[in-house]
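The following paragraphs lead the reader through the fold, beginning with one pair of helices and then turning to the sheet. Please keep the structure in view while reading.

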Amino acid sequence: MSKVSEITTTFVAYLKRPDLYPELRRKIWKNIFNRSSGLRGKEEAEKWCKSISVSEKDFIENVLKMNFVAFEKKFPQEYENALQAQEKAPVKMGGAGSLSVIYYINEFAKAQSSIETGVAYGWSSFAALASLVSRDGTLYSSDMPYILQNQSEDFVGCVIPEKYKSNWDLYRFADKESLPKIFQKTKTFDVVHYDSDKTYDGRMWAYKILWDRLRKGGVFMSDDVGDNAAFKDYCEQNNHKPHIIEFDGKFAGVIIKE
């Protein structure tokens, strides 16, 4: 598909979804006036992440003070079933991140109420819910529809075990529409996991409103923090102490709210 055809197809797909018109306006603005936001400060962010990053095991054992067992070994049958569900999916979506970190930050916070942005196949959701269900907690998820993949709606969260789904509350809009709806359900959260709009401006907008909803002692996590300088700048501007975890050549950022 040529670039012009892709743009046209995307625009037409949005026109068929009035509930997504606000996001369409934002995308038009971003692509015309703010195209550089995704990679702003990438070089300095990568250097910063590399200079202070630790492994999953080191973070979980030395910061969270918990015994480390890799997520896939802790839940081997559920993990294998999830892999099979992903293989059967006819659409391509995002892969798994640091499942162990996501599971253990929910355990550390003894989470009853967690929120995430970005779902795709649901790997991160699976990891969070594996902890939450033990306390009958709830995971609130915001996920922007894959507008060019008609079948994707049916496979969002497909790797999540069926037994966990009664503890899962999914909102299929862009974050600026989903988050206010979620905040009507609950005012504060024990864990925040950000993995949606990866632009600098998108992150800086979401970080603030999500941080304000995080309880004291709760845990804030953002994926792919080496992509641009948003997480670095947010921490420096607000005097937050960050922990950077390296996983498969990427970096996740974690802050424990004091």
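Which residues in α9 and α10 meet? On the side of α9 they are Asp 175, Lys 176, Leu 179 and Phe 183, and on the side of α10 they are Trp 205, Ile 209, Leu 210 and Arg 213. The model is a predicted one, and this contact is a convenient place to enter it. Helix α9 covers residues 175–185, and its axis lies 12 Å from that of α10, at an angle of about 5°. Angles under 35 degrees count as roughly parallel, so α9 is roughly parallel to α10. Sorted by class, the contact of α9 with α10 comprises five nonpolar and three charged residues, with no polar ones.

Helix α10 also packs against a second helix. Residues 200–213 form α10 and residues 230–238 form α11; the angle between the two helices is about 45°, and their axes are 9 Å apart. The two helices are therefore oblique to each other. The crossing in which α10 passes α11 is right-handed. From α10, the contact draws on Tyr 200, Arg 203, Met 204, Tyr 207, Lys 208 and Trp 211. From α11, the contributors are Ala 230, Phe 231, Asp 233, Tyr 234 and Gln 237. In terms of class, seven nonpolar, one polar and three charged residues make up this contact between α10 and α11.

Attention now moves from the helices to the strands. Strands of a sheet pair through backbone hydrogen bonds, in either a parallel or an antiparallel manner. Here, eight strands form an open sheet with mixed pairing, in the order β1-β7-β8-β6-β5-β2-β3-β4. The edges are occupied by β1 (53–54) and β4 (168–171); each has a single partner strand, so one side of each is left without a neighbour in the sheet.

Within this sheet, strand β5 (residues 189–194) runs parallel to strand β6 (residues 214–222), and five bridges join them. One of the paired positions is Tyr 194, whose bridge partner in β6 is Ser 222. Between these strands, the chain passes from β5 through α10 to β6, forming a right-handed β-α-β crossover. Helix α10 lies across β2, β5, β6 and β8, and runs at about 155° to β6.

Strand β6 is also joined to strand β8 (residues 250–256), in this case by four bridges and in the antiparallel sense. Val 219 has Ile 256 of β8 as its bridge partner. Elsewhere in the sheet, strand β2 (residues 113–117) pairs with strand β3 (residues 138–142) in the parallel sense, over five bridges. In that pairing, Ser 114 is matched with Leu 139 of β3.

A further helix pair remains to be described. Helix α4 (residues 56–63) packs with helix α7 (residues 99–108) at an angle of about 15°, with their axes 9 Å apart. This angle makes α4 roughly parallel to α7. The passage of α4 by α7 is a left-handed crossing. Glu 56, Phe 59 and Ile 60 of α4 make the contact with Leu 99, Ser 100, Val 101, Tyr 104 and Ile 105 of α7. By class, six nonpolar residues, one polar residue and one charged residue take part in the contact of α4 with α7.

Technical notes: Residues are numbered from 1 along each chain as its sequence is written. This is a predicted model: local features need pLDDT of at least 70, side-chain atom pairs count only at pLDDT 80 or more; totals for chains, interfaces and linings use all residues. Side-chain values use heavy atoms; hydrogens and water are left out. Axes are lines fitted to C-alpha atoms, for helices over the stretch in contact, and angles run from 0 to 180 degrees between N-to-C directions. Angles under 35 degrees count as roughly parallel, over 145 as roughly antiparallel, 65 to 115 as roughly perpendicular and the rest as oblique. A crossing is left-handed if the near helix is turned anticlockwise from the far one by less than a right angle, and right-handed if clockwise. Contact means heavy atoms within 4.5 Å. Ala, Val, Leu, Ile, Met, Phe, Trp, Tyr, Cys and Pro count as nonpolar, Asp, Glu, Lys and Arg as charged, and the others, Gly among them, as polar. Two strands pair if DSSP finds at least two bridges between them. A crossover is right-handed if, with the strands pointing away from the viewer, the path from the first strand over the helix to the second runs clockwise.
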